[in-house]
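Trainee: Could you take me through one part of this protein up close? I'd like to see how a single residue sits in its surroundings, and then how that fits with the rest of the chain.

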Amino acid sequence: YRSAAVSSQIDLISSISYADLISNPIIYDDSESQPQQNSYNYYTIVKDSCDIKTIESNILKTIYLSGEKPDTQTNLLQWTEFEGWETEVEKYYIYRISSNDDGLSPIDSVSANTFSYEDIIDESLATNGKFSYWVEAKQTQGGTYNFQSLSRSNRIDLFLESNIFFANAFRPNSTISTNNVFRPVFNFFSGSNYEFMIYNRWGQLIYETSNVQDGWDGTYEGQKQSSALYIYRLTYINIYGKNIELKGSFMLVD
């Protein structure tokens, strides 16, 4: 049986006959659940051949994890309490996947009475600006069967905003590859609908691209442009759905 933690409705989601048992302990995968949206309560009952209930299990409440970014350097995790083991939760362990973390070992742990965690982040640890998290509850060993069970939450992704920088000049004839093309410079780009444009002093559009890897080589319709002041305009939608527009000027140097 299953019920969403925020609902009073209890649903029978499956039944297994004794003749069909193929594992001990019995394993059931609830493919109809939505762990990214809810915490759930589960329990099982055993009925005899006369369809009379003979045993009812304990109720287990799963962990639902959510997160937010209160500021640019902090990822805040919050989760619901795990409930239902015969013994208490020993600790909650926090796991993270980034460029430096493979998720095989926890990055930290908190007490059984703590249901939030602030991760002070370093943007150099992000892979494409993304950090993935989940929380694992570990049972205190003991009880009737001396079990030490584990329960994992859903997984969430939190993203960094793109830090974007522009040079104030560039030289198309430079032998240094990073100096002979003008484009935004960033460690990663985590937005969408990217559009980068260059205008000359008369407001004429002379270059545009939607590829974050491309930049202007100082030409227009195959002709080298003269040393002068030019205008750039960058628009995109950031990871939170906000429209971003950046404008500025730079010098093309012969």
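Mentor: Let's start with one serine and then step back to the whole protein. Keep in mind that this is a predicted model.

The residue to look at is Ser33, which you'll find in the loop between β1 (2–4) and β2 (40–42). Is Ser33 buried or exposed? Its relative accessibility is 18%, and buried means under 20%, so Ser33 counts as buried. As for what surrounds it, leave out residues up to four places away in sequence, and Ser33 touches Arg2, Tyr40 and Tyr42. Arg2 falls within the range of β1 (2–4), while Tyr40 and Tyr42 fall within that of β2 (40–42). There's a polar link too: the Ser33 side chain comes to 3.0 Å from the backbone oxygen of Asp30.

Now zoom out. The protein has 20 strands and zero helices. Its radius of gyration is 28 Å, whereas the globule rule gives 18 Å for 254 residues, so the protein is more spread out than a compact globule. You can see that in the box filled by the C-alpha atoms, roughly 90 × 35 × 30 Å along the principal axes. Ser33 is buried, and across the 254 residues of the protein 34% count that way. Contacts reach along the chain as well: among those between residues at least 6 apart in sequence, 55% join residues at least 24 apart.

On the outside, the protein exposes about 15,700 Å², with 47% of that supplied by carbon and sulfur atoms. As for charge, there are 18 positive and 32 negative ones, and their mean positions are 8 Å apart.

Methods: Residues are numbered from 1 along each chain as its sequence is written. This is a predicted model: local features need pLDDT of at least 70, side-chain atom pairs count only at pLDDT 80 or more; totals for chains, interfaces and linings use all residues. Side-chain values use heavy atoms; hydrogens and water are left out. Helices (H or I, at least four residues) and strands (E, at least two) are DSSP runs, numbered from the N terminus. The radius of gyration is taken over C-alpha atoms; the globule rule is 2.2 Å times the number of residues to the power 0.38. Buried means under 20% relative accessible area, exposed over 50%, partly exposed in between (1.4 Å probe, protein chains only). Contact means heavy atoms within 4.5 Å. Accessible areas come from the Shrake-Rupley method with a 1.4 Å probe; for residues, only the protein chains shown count as cover. Lys and Arg count as positive and Asp and Glu as negative; His and the chain ends are not counted. The place of a charge is taken as NZ of Lys, CZ of Arg, CG of Asp or CD of Glu. A polar contact is a pair of N or O atoms within 3.5 Å; within protein, one must be able to donate a hydrogen and the other to accept it, and residues adjacent in sequence count only if both atoms are side-chain atoms.
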